Number of protein chains: 2
Amino acid sequence: MDLDREAARGHDGFLERVAAMLREEGFTGRPDAGVPVVRFHHPDKLQELLQLDLGPAVADEEALLAAARAVVRHSVRTGHPHFHNQLFAAADPFGVAGAWITEALNTSQYTFEVAPSLMLVEHKVIQRALALAGFDGGDGIFTPGGSVSNMYGIVAARYQAFPQVKTEGMRALPPLAVFTSDDSHYSMTKGAHWLGLGTNAVVKVATGPDGRMLPDALRDAIAGARLAGVHPVMVNATVGTTVLGAVDPLGAIADVCEEAGVWLHVDACWGGSLLLSAKHRGALLGLARADSASWNPHKMLGAPLQCSVFMVRHGGGLLHRCNAAAAAYLFQQDKFYDVSWDTGDKSVQCGRKVDALKLWLMWKARGDAGLATLVEHAMESASYFRSRVRDAEGFRLVTDAQDCTNTCFWYIPARLRGRTEDEAWWQEVAKVAPAIKERLVLDGSLLVGYCPLPHKGLVNFFRMVVTCQPPARRQDMDFVLQEIRRHGEAV
Amino acid sequence: MDLDREAARGHDGFLERVAAMLREEGFTGRPDAGVPVVRFHHPDKLQELLQLDLGPAVADEEALLAAARAVVRHSVRTGHPHFHNQLFAAADPFGVAGAWITEALNTSQYTFEVAPSLMLVEHKVIQRALALAGFDGGDGIFTPGGSVSNMYGIVAARYQAFPQVKTEGMRALPPLAVFTSDDSHYSMTKGAHWLGLGTNAVVKVATGPDGRMLPDALRDAIAGARLAGVHPVMVNATVGTTVLGAVDPLGAIADVCEEAGVWLHVDACWGGSLLLSAKHRGALLGLARADSASWNPHKMLGAPLQCSVFMVRHGGGLLHRCNAAAAAYLFQQDKFYDVSWDTGDKSVQCGRKVDALKLWLMWKARGDAGLATLVEHAMESASYFRSRVRDAEGFRLVTDAQDCTNTCFWYIPARLRGRTEDEAWWQEVAKVAPAIKERLVLDGSLLVGYCPLPHKGLVNFFRMVVTCQPPARRQDMDFVLQEIRRHGEAV
């Protein structure tokens, strides 16, 4: 092994060859509806198609490119016009550009010393996010995703109520409860486990059939907890639930929280991008009264994964006091520059990936109005899709409410239509979506999710999602119905 | 705002122009020692030099490239041969290639459905990491960094001892203690806060002057905790402490843990890469007896940030049982493929960035022997540097032990040499490193860290770090002494 040769490898144009390969394979460039969304193989078969091995073998650039190309070819095209499977889809090309720059800069978002421009970039993006949320004068931080952002919310709420928790832990506190809707994301549950509250501390508040939290049920739940000697430490309201896309009534919930003196956190990971549109941000009225919020630009807006912001309305160094450990090797106070720019001690992490630059570049490229247009178009496309589902034979909406871009619906094959809708019938309907999904995946024509909502007594239905990237065309919306019908009549 | 125009933007060669810009600015391609490591400006001034604004303005591709170029130019060159400031430095170019592919694929590491190849890639890399650690048959997951990986360790240890913590929380448990050396990383403290143990639950175990944990002190600390009615839930041993780079004596610590029946977690975030070298992995003998471990390939090995692996020796689904929430919308059990490949429920996160592909590509490119060579060269370079420091006038080693690539030393300017080394003298020495550092930064010639170790009674000293990328040359090592001496005589 020659060290000089090893040191030289990979520097002369390899990155450019990788960029060219990605373009050839259609993973950069304009989305093309003419290729399959996925070329599915079962895991065992796929293992044979990829050159996965790691060991003594050394791959030259040709072999590496071939191995990378195989991985790429057998990846799902999340940027495809027919990918509607998750709460994210294509990455905004300006976001990808920001991500590539980030990777080349390879630094950590903790001190001005090693990330001078990037600390300013993060600061700028956070200031804009705070302004959108109505949290001017507040504070924020990029985190590795929505679940972690929501954990930041619980940690901040707990610390604000019981600062001794930082040193003394949960055993020094009364029993705590966190309130969240029964349609909210499971990160509350996972967070409650990790943070030592226990999942039983998560009180599920009832929602209406539209998936929105019922404020009266919340008021009762808080009162019930108090009666049981449990301290209500946080209410989590959701802007865009995972399945139905419901937006909880923030104003009414903020009233309940104020009345009860409880921290209000808003999980706007999915729906937070609506803030960018003057037309849609009205649905989030009341957010400015919340104490904290999470927003994932990597979802609806199309920032590359990961891009999540946690925000607190409270300035005054709360986030820093809550999380700081004041490590002397990293956050030296005798540096010669203004160390208030060393914001890394607000984080529970030490090294922290730079996630702000990609969003900054997207925002610069498109401006406020460009981002608003993309969000509004996503909402309009979802409305169009919903109206098509409403009118189409064999399709049935789960709820008619549309708060985000989710549309949930069953497909009822002709053989099941017009029958008595008893439990046996619903058990048959439950098998339809998985069966259609299997055919769609094997066909590679369309990816759309399905799930049940057991606590609502709802069996498997499709969840169609529209995001900002690529901007949806009507023919792509129509295609979803057409494909589901085609396979639905064959299952 | 024209939607079609907006949809088209950024797709036609913009990424390639960004790639070209990065090469022109020297952020890709072979490292060049002839440019400054940083062009430092204070935050206020830097704000003027960058076009940070986000708002109504729309930037065309030229303007975007210019804005991005300004960010890049005023970034620290972590890939520069004279960057020794952190426990990471240059990104391996094959790693950057893997990162660029990852960004273009834009998916989430949670289900085989949306990340088929990438689930197999992550699995492969984790299997290799487990084998290196001696954890064959165990389990693992990529996390957003070392602090989170270490939190996974505490969570797993706590769950193994008290599975009811998941539902009932910390109040249902006896008081817990976590043991870690007084030289260990602050993530233990931050983790103890977040996870509800409280920072007082972190028992700091004494280290010798070389920074290695004293096993007898650990045994006494565990016994003391038990006497006080506190349950010792985890011992954290460190392979490569943050400042001195010490490797705790894993064998002796494993003996103590076995004897006491306590979970042993090894924070090998920094030193874990030594496992790749047959020559150096002997220092980690005993790791195979640990219950869990963290390793950050983004540190010594040069994987782009973020790249961190958490591993448990225990298979049998522990990681899954501990962390799963079984969300019905994501981890459907009625899918048509083998859902044991949907490994995302092992994670505390939901959406999870793909961090495995970059390491996989590096490993394929270099093979086991290539990675070993790079690690061994880093260790040899550190030894060379240490021997130069040992012999050079005015330089004084903090400790002569070398477990990792850290070298900690004071520079004593001529005016302070030969004096009585009383407290006043040390207070003068304490000012030397920050003053030299300021000059180095303003000069842009060299970045090297400094810090005190107050619990050891040590005032500010330099911490020189060598990593695998770029492979260090002797002249770069010599340059560090030369620059510190040059500025040290002027302060």
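These are my notebook entries on the symmetry, one helix and the nonpolar cores of a predicted model.

**Conventions.** I number residues from 1 along each chain as its sequence is written, and chains are lettered from A in the order in which they are written. Local features need pLDDT of at least 70, side-chain atom pairs count only at pLDDT 80 or more, totals for chains, interfaces and linings use all residues, and side-chain values use heavy atoms, without hydrogens and water.

**Symmetry.** I superposed the copies by least squares on C-alpha atoms of residues with pLDDT of at least 70 in both. A turn of 180 degrees with a shift of 0.0 Å along the axis lays chain A on chain B at an RMSD of 0.0 Å. This is the relation of a two-fold axis. Of the residues of chain A, A:Leu195 comes closest to the rotation axis, its C-alpha lying at 2.0 Å.

**Helix 7.** I looked up A:Ser147 and found it in helix 7 (residues 146–161) of chain A, helices being DSSP runs of H or I of at least four residues. A:Ser147 counts as buried (under 20% relative accessible area, 1.4 Å probe, protein chains only), because its relative accessibility is 4%. Leaving out residues up to four places away in sequence, A:Ser147 touches A:His185, A:Ser187, B:Val348, B:Gln349 and B:Cys350; contact means heavy atoms within 4.5 Å. In chain B, 14 of the 16 residues of helix 7 are buried, so this helix is largely enclosed by the rest of the structure.

**Cores.** I took a nonpolar core as buried Ala, Val, Leu, Ile, Met, Phe, Trp, Tyr and Cys residues joined through side-chain atoms within 4.5 Å. The largest has 316 residues, of which A:Ile484 and B:Ile484 touch the most other members. Another core, of 62 residues, lies apart from it and includes A:Leu197 and B:Trp194.

Key:
Buried < 20%, exposed > 50% of the residue type's maximum accessible area, 1.4 Å probe, protein only. Helix = DSSP H or I, 4+ residues; strand = E, 2+ residues; numbered from the N terminus.
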